[in-house]
Amino acid sequence: TIVTGNVVFQESISNKKFRKYVLYATTFKEFNVMQFFGVETYYEFLSNLDALTKISELTGFVIIVKLHPAAYSYLVRLKKLYPTLRFSCASLGKLLRECFVTISYSSTVIEDSLYSSVPVVLYDPWNRYQHCQATFSYVDHKVLFYINDEENLHDLICRLYRAKDLCFIDHLFEGSSKSNIQKIFNLT
């Protein structure tokens, strides 16, 4: 057994001025392939899409919904139900280069975002699950937040859009994920 902690699959560093979107990385998937802890149920997912639609309309931010691969079959229907949101099956690396914040409930996308210098909001209106230790309200330079309500989510997205000098170091291991994995497997 090799104990590594979370494995990071994407590191997509880009210039912050090119990041203009909000990424919502959902954990919703078909009932027959879901576990019940750390995954959004269908009604939570739809409620989140309603909240994100309101936020997009209020702020003008484009919100990209990255579907879990197990939910790709819903893409066409979701686009019709939520025309304000942009649904995507694009690679996470591409999306992280374009987004200034990631919203998720529980996903490896959280770690991928932090390693790509994209702050993360753990959005949990049901107070059901906290994926990792996070700050409960906006604090300068922080990059990982746990939020329970739509109003605070709206405020936090706006603040993070304007934020400067964010500090990711508390959430990262030294070196790139590729070089760290090579060290673990003695590939260097």
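In which strand does Ser-104 lie? Good morning, colleagues. The structure before you is a predicted model, and I shall take you through three places in it.

Let me begin with the answer. Ser-104 belongs to strand β4, which covers residues 99–104. Ser-104 is classed as buried because its relative accessibility is 1%, and buried means under 20%. Its side chain has a polar atom 2.9 Å from the backbone oxygen of Ala-25. Ala-25 also appears among the residues that Ser-104 touches, if we set aside those up to four places away in sequence; the others are Ile-110, Val-121, Leu-122 and Tyr-123.

I turn next to Thr-26. This residue sits in the loop that runs between β1, residues 21–25, and α1. Is Thr-26 buried or exposed? With a relative accessibility of 4%, Thr-26 counts as buried. Apart from neighbours within four places in sequence, Thr-26 makes contact with Glu-40, Phe-45, Lys-66, Leu-67 and His-68. One further distance may help you to place this loop residue: 9.8 Å separates the C-alpha atom of Thr-26 from that of Leu-49, and the two residues are 23 residues apart along the chain.

Finally, I come to the surface. Helix α1 spans residues 42–59, and Tyr-42 lies within it. Tyr-42 has a relative accessible area of 55%, so it is exposed, the cut-off being over 50%. Which residues form a nonpolar patch on the surface with Tyr-42? They are Tyr-43, Leu-46 and Trp-126, and together the four residues have about 420 Å² of accessible area.

Thank you for your attention.

Conventions:
Residues numbered from 1 in each chain as written. Predicted model: local features only at pLDDT ≥ 70, side-chain atom pairs only at ≥ 80, totals over all residues. Heavy atoms only, no water. Helix = DSSP H or I, 4+ residues; strand = E, 2+ residues; numbered from the N terminus. Buried < 20%, exposed > 50% of the residue type's maximum accessible area, 1.4 Å probe, protein only. Polar contact = N/O pair within 3.5 Å; in protein donor to acceptor, adjacent residues only side chain to side chain. Contact = heavy atoms within 4.5 Å. Patch = residues over 30% accessible without salt bridge, like charges linked within 9 Å, V, L, I, M, F, W, Y side chains within 5 Å. Areas by Shrake-Rupley, 256 points an atom, 1.4 Å probe, with all protein chains shown as cover. Salt bridge = Lys/Arg side-chain N within 4 Å of Asp/Glu carboxyl O.
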